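Please consider the structure shown below, beginning with its interior and ending with its metal site.

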Amino acid sequence: MSDAETAENLTTLAKHLAAQDLDPGLATVLEGLALGCKAIGHRVRRARIEDVVGVAGGENVFGEIQQKLDVLSDEVLLQCLRDAPAAAVYASEEQDGPVVLRTASEGGRFAVLADPLDGSSNIDVAVSVGTIFSVLPNDKPDDETGMAVLQPGRNQVAAGYVLYGSSIVLVLATEAGVDMFTLDPMLGDFVLVLAKIEIPQEKKIYSINEAYVNDFDEGLRDYLAFVHESGYGARYIGSMVADVHRTLLKGGVFIYPATGKSPQGKLRLMYEGNPMGYVIERAGGAASAGRGPILDRIPSEVHERTPVIVGSAAEVDHVTRRTHP
Ligand code: AHG
Ligand code: MN
Ligand code: MN
């Protein structure tokens, strides 16, 4: 066998970040998040086992474990960030407000936001779930460190997700581009498998929960009528991380729109829309909130929601031209 065939892939995340000359403080924050996601992935794999081992089956118990897994995932990320010297403040879907870790004068240079476990309602049927993270610069005076989590997505310095699927995949976007790593169970580390990912510019795949079609605005219903008669494929997993990851690699568009009942949609701006929007834009795609880019939205509250239309630029434009003429 040639050397190439026998050589192990040893380009670990840490090696890759060092080779990119990434800010060392940012690199330790990202490596901390990756460590936390390895621990979360292990727990997700054992969710059902713990359920059986823990108490005799049944929805409520699993519901309890599910809630435990959301909260446990959050605690794991927080624990890892406490050990990352440049982490200033943490906010997440599971925390009421920001958790200040260290001020700028104590070395806290980055604010981290996370959806610790996205798609958690899918765990009991073994469908892929994920962790989403967003990193912003801590640009605040010491006594306002908590406010560093409220910045437009345009200010992000890094963002990404870990998908707990048939393999455990880390997708990381920085100013250098979008890279994909797979957790090598033998090494126990993430190794680089795809570098500088570019989203396909065209693909006839649309991803939306059509159960709510009667609550969609007319423009969106127009778009759906068009795709139904234009040879598009429909894909919807119901875990944002899985739906966006497919969109990144295959192209097309993922939509979680505003509806009559939820005028700002369901997904959260700061730890779902912004990080996923950053990944897709860095890969050459588009990320719209309908009237304009997700990343340009000025947040007023850490848990506020946003409509999400992300994917191949041409397809996103096609949707927004119909929904926001
Ligand atoms: P979370 O589990 O973090 O609350 O997120 C669930 C979200 C997202 O993963 C997915 O895109 C969306 O819920 C699916 O919502 P519907 O079931 O309404 O389609
Ligand atoms: Mn989520
Ligand atoms: Mn979640």
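In this predicted model, helix α3 gives the largest share of the lining of the largest cavity, namely four residues. Two elements, α3 and β6 (168-174), each contribute at least two residues to that lining. The residues that line the largest cavity are Leu13, Leu30, Leu33, Ala34, Cys37, Phe133, Val162, Leu170 and Leu172. The space inside the largest cavity amounts to about 40 Å³, and the structure holds one cavity of 30 Å³ or more.

Helix α3 also matters for the account of the nonpolar interior. The largest nonpolar core comprises 43 residues, and those that touch the most other members are Val29, Leu30, Leu33, Tyr164 and Phe190. Helix α3 (residues 24-45) provides the largest share of this core, nine residues. Apart from this core lies another one, of 42 residues, including Leu136, Val149, Tyr161 and Ala287. In soluble globular proteins, nonpolar side chains tend to be buried together.

What does phenylalanine 190 touch, when residues up to four places away in sequence are not counted? The contacts of phenylalanine 190 are Thr11, Thr12, Leu13, Ala34, Lys38, Val162, Ile168, Val169, Leu170, Phe181, Thr182 and Leu183. Among these contacts, Leu13, Ala34, Val162 and Leu170 also appear in the lining of the largest cavity.

Cys37, one of the residues lining the largest cavity, leads to the question of disulfides. A disulfide is a covalent bond between the sulfur atoms of two cysteines. With a cut-off of 2.5 Å between the sulfur atoms, the count of disulfides is zero. Cysteine 37 takes part in no disulfide, and the nearest cysteine sulfur, which belongs to cysteine 80, is 8.3 Å away. Seen from the other side, the cysteine sulfur closest to that of cysteine 80 is in cysteine 37, and because 8.3 Å separates them, they are too far apart for a bond. Cysteine 37 has a relative accessibility of 1% and therefore counts as buried. Cysteine 80, at 12% relative accessibility, also counts as buried.

The next feature is the largest pocket, which holds about 430 Å³ of space. Its lining consists of 24 residues, and Asp118, Gly119, Gly238, Lys266 and Glu272 lie nearest the centre of the pocket. The elements α5 (59-82), β3, α7 (240-250) and β11 (253-256) each supply at least two lining residues. Strand β3 gives the largest share of this lining, three residues.

Strand β3 has a part in the metal site as well. Which protein donors hold the manganese ion (ligand 3)? They are Glu93 (OE), Asp115 (OD) and Leu117 (O), at 2.0 to 2.3 Å from the ion. Glutamate 93 is located in the loop between β1 (87-92) and β2 (99-100), whereas leucine 117 belongs to strand β3 (residues 110-118), so this pair ties together parts that are 24 residues apart in sequence. The spacing of the donor residues along the sequence is E-x21-D-x1-L. Glutamate 93 is partly exposed, its relative accessible area being 29%. Leucine 117, by contrast, is buried, with a relative accessible area of 2%. Aspartate 115 coordinates both the manganese ion (ligand 3) and the manganese ion (ligand 2), and these two ions are 3.8 Å apart.

Terms used:
Residues numbered from 1 in each chain as written. Chains lettered and ligands numbered in written order. Predicted model: local features only at pLDDT ≥ 70, side-chain atom pairs only at ≥ 80, totals over all residues. Heavy atoms only, no water. Buried < 20%, exposed > 50% of the residue type's maximum accessible area, 1.4 Å probe, protein only. Core = buried A, V, L, I, M, F, W, Y, C linked by side-chain atoms within 4.5 Å. Contact = heavy atoms within 4.5 Å. Donors = N, O, S within 2.8 Å, 3.2 Å for Na, K, Ca; no water. 1 Å grid on protein atoms, 1.4 Å probe; cavity = no way out; pocket = protein on both sides within 12 Å on 5 of 7 lines; lining within 4 Å. Points joined across faces, edges and corners; volume = space filled by probe spheres on them.
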